[in-house]
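This report looks at overall dimensions and at how two helices pack together. The sequence and the structure come first.

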Amino acid sequence: MGQTTNRNTDNQLPSISTNLSAEEIKDRLVKLSKRGKLAGYDGACADGLASMAAHGTPFDSQLILKHRDGQVSFELKLMAMMPRVFAALLIVTVWPGLPLTEGFLESFVWYSDFVANTGVKTWYWYLPLTILPAPFAFMGAIKKSKLTAHASAIETIEKLDKVLGSK
């Protein structure tokens with residue numbers, strides 16, 4: 001088994017010592033990928049020698065493999081498309097909820113009396129109640145995604161260590 005270093009301190013990913021060339025590493029990665037053991041493998045990664053999927057919840061990341069001086073190192077990058085879609089959905093879904101909520105609440109006599117007596121309209125409380133938590137929901141999803149993708153990356157690196165590490 002190979003020698004892994006930089007073991008999971010400060011969310012750093014371990015590296016693998018190897019005596020394989022870049023071409024040999026790619027060949028072994030392709031074989032793993034063809035056997036279904038390396039999800040999301042991309043041998044034409046612009047940022048490194050290759051990349052593979054690091055599954056996160058709710059957003060996936062990309063595990064980038066780099067090879068230099070007998071060391072295989074890894075970098076984790078959050079895939080940006082789904083977080084952008086999530087942020088857009090958070091923003092877009094706030095407004096349709098206001099008329100729906102207002103229409104529902106106005107069907108109750110007590111709410112109509114409340115608005116008439118206090119002058120507090122639905123949007124006074126509805127918008128802060130829906131807009132203020134949105135950044136926290138987004139940042140929470142990003143944080144959880146990074147943590148779960150990191151755990152997935154560690155599993156993948158341990159699998160790769162058996163295949164790429166110095167024997």
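Helices, of at least four residues with DSSP code H or I, and strands, of at least two with code E, are DSSP runs numbered from the N terminus. In this predicted model, the protein has 6 helices and 5 strands, and their order along the sequence is β-β-α-β-β-β-α-α-α-α-α.

As for overall dimensions, the radius of gyration of the protein is 24 Å, whereas a compact globule of 167 residues would have one near 15 Å. The C-alpha trace spans about 80 × 30 × 25 Å along the principal axes of the protein. Of the 167 residues, 31% count as buried, and among contacts with a separation of 6 or more, 57% are accounted for by residues 24 or more positions apart.

One helix pair can be described in detail. Helix α1, residues 22–34, packs against helix α6, residues 133–164, at an angle of about 125 degrees, and their axes are 11 Å apart. Because angles from 65 to 115 degrees count as roughly perpendicular and those over 145 as roughly antiparallel, the angle of about 125 degrees makes α1 oblique to α6. The crossing in which α1 passes α6 is right-handed. The residues that make this contact are listed by helix below.

| Helix | Residues in the contact |
|---|---|
| α1 | I25, R28, L29 and L32 |
| α6 | L160, V163 and L164 |

Sorted by class, the contact of α1 with α6 has 6 nonpolar residues, 1 charged residue and no polar ones.

Terms used:
Residues numbered from 1 in each chain as written. Predicted model: local features only at pLDDT ≥ 70, side-chain atom pairs only at ≥ 80, totals over all residues. Heavy atoms only, no water. Axes fitted to C-alpha atoms, helices over the stretch in contact; angles between N-to-C directions. Parallel < 35°, antiparallel > 145°, perpendicular 65-115°, else oblique. Left-handed = near helix turned anticlockwise from the far one by under 90°. Contact = heavy atoms within 4.5 Å. Nonpolar A, V, L, I, M, F, W, Y, C, P; charged D, E, K, R; others polar. Rg over C-alpha atoms; globule rule 2.2 N^0.38 Å. Buried < 20%, exposed > 50% of the residue type's maximum accessible area, 1.4 Å probe, protein only.
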